[in-house]
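Here is a note on the ligand site and the pockets, for your review. Please read it beside the coordinates.

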Amino acid sequence: MRKKIIAANWKMNKTVSEAVTFLDTFLLELGEEKRVDVVICPPFTALAKVSEVLSDVSNVRLGAQNMHWEKPGAYTGEVSADMLRELFVRYVVLGHSERRSLFGETDAVVNRKTKAALAAVLKPIVCVGETLDERDAGRVESVLSTQLSGSLADLSAKEFEEVIIAYEPVWAIGTGRTASPEQAQAAHAFIRAHLETMAGKAVADKVRIQYGGSVKPANTAELMSQPDIDGALVGGASLEARGFVEIVKHAL
Ligand code: PEP
């Protein structure tokens, strides 16, 4: 049985003080809930403070939204895995569609980052998903296969099991337009089948696959009831503490 994992991707939102205000409410309302893994991914600037607040909280983990694959060095503006580790970051979102479309990240880049994250004992949340044009052209499966094969190339079985996949159809991100539970389930089942070809059934059965794309309290339960949907990566609706608690509770 795969434990559900709900992650908040705050993107370029929340100052340090806004992050603290969110956590005051969020942690109070969430209480001791441990049946779902909960991850908060603030911007880099808020990681240290959120880490400090979470230091005596056992049921919420810290995630980053990106990292560089290299060891510390001359990479202006970048952040290394070691820097994240020191702040007790456990997860890192990699290859988000905004990173791919706005910052030119390719599957090869995502693969380097994934390997570097795993080497640093960070759990990568590797994002894949098709654009609307690709869906309309009947290319969902070929796009997902290419992204998965490229982003997860050359991982050992043990490494594979540490990876979380986020299926995020680009047309559903921040648009208010959610994939139907059936559309999402079909994509997740395809992803799991593809993982099986890459790493075998035992491994594919263990990998958690999140859905992302306009998840909100009202649509969470139905999406999470699908057999291959193991959680959610939540953007906009994770910025409001009470709403995000509702999403976590609907994932049970
Ligand atoms: C995301 O950016 O990962 C995301 C799914 O955003 P939203 O929930 O706002 O669609």
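The points below go from the ligand to the pockets.

1. Status. The model is predicted. Please keep that in mind for every distance and volume that follows.

2. Ligand shell. There are 14 residues around the ligand. Those that come nearest are Lys-11, His-96, Glu-168, Gly-174 and Ser-214. By class, the shell holds eight polar residues, four nonpolar ones and two charged ones.

3. Polar contacts. Three short distances to ligand oxygen atoms are worth checking by eye. For Lys-11, an N or O atom of the side chain is 2.5 Å from an oxygen atom of the ligand. For Gly-174, the partner is a polar backbone atom, 2.6 Å from a ligand oxygen. Ser-214 also offers a polar backbone atom, here at 2.7 Å from an oxygen of the ligand.

4. Cover. How much of the ligand's accessible area does the protein cover? On its own, the ligand has 290 Å² of accessible area, and the protein covers 96% of that.

5. Ligand pocket. The ligand takes up the space of the second largest pocket. This pocket has a volume of about 230 Å³. Its lining counts 20 residues. Nearest its centre lie Gly-174, Ser-214, Val-234, Gly-235 and Gly-236. Gly-174 and Ser-214 are also among the residues that come nearest to the ligand. The lining divides into ten polar, seven nonpolar and three charged residues.

6. Largest pocket. Which pocket has a volume of about 450 Å³? That is the largest pocket. Its lining has 18 residues, and Lys-11, Met-12, Gln-65, Arg-99 and Phe-103 are the closest to its centre. Two elements give two or more residues to this lining: α2 (44-54) and α4 (97-103). The largest share, four residues, comes from α4. By class, the lining has eight nonpolar, six polar and four charged residues.

7. A shared residue. Lys-11 deserves a second look. It is one of the residues that come nearest to the ligand, and its side chain has an N or O atom 2.5 Å from a ligand oxygen. Lys-11 is also among the residues closest to the centre of the largest pocket.

Methods. Residues numbered from 1 in each chain as written. Predicted model: local features only at pLDDT ≥ 70, side-chain atom pairs only at ≥ 80, totals over all residues. Heavy atoms only, no water. Near = heavy atom within 4 Å. Polar contact = N/O pair within 3.5 Å; in protein donor to acceptor, adjacent residues only side chain to side chain. Areas by Shrake-Rupley, 256 points an atom, 1.4 Å probe, with all protein chains shown as cover. 1 Å grid on protein atoms, 1.4 Å probe; cavity = no way out; pocket = protein on both sides within 12 Å on 5 of 7 lines; lining within 4 Å. Sits in = over half its atoms within 2 Å of the grid points. Nonpolar A, V, L, I, M, F, W, Y, C, P; charged D, E, K, R; others polar. Points joined across faces, edges and corners; volume = space filled by probe spheres on them.
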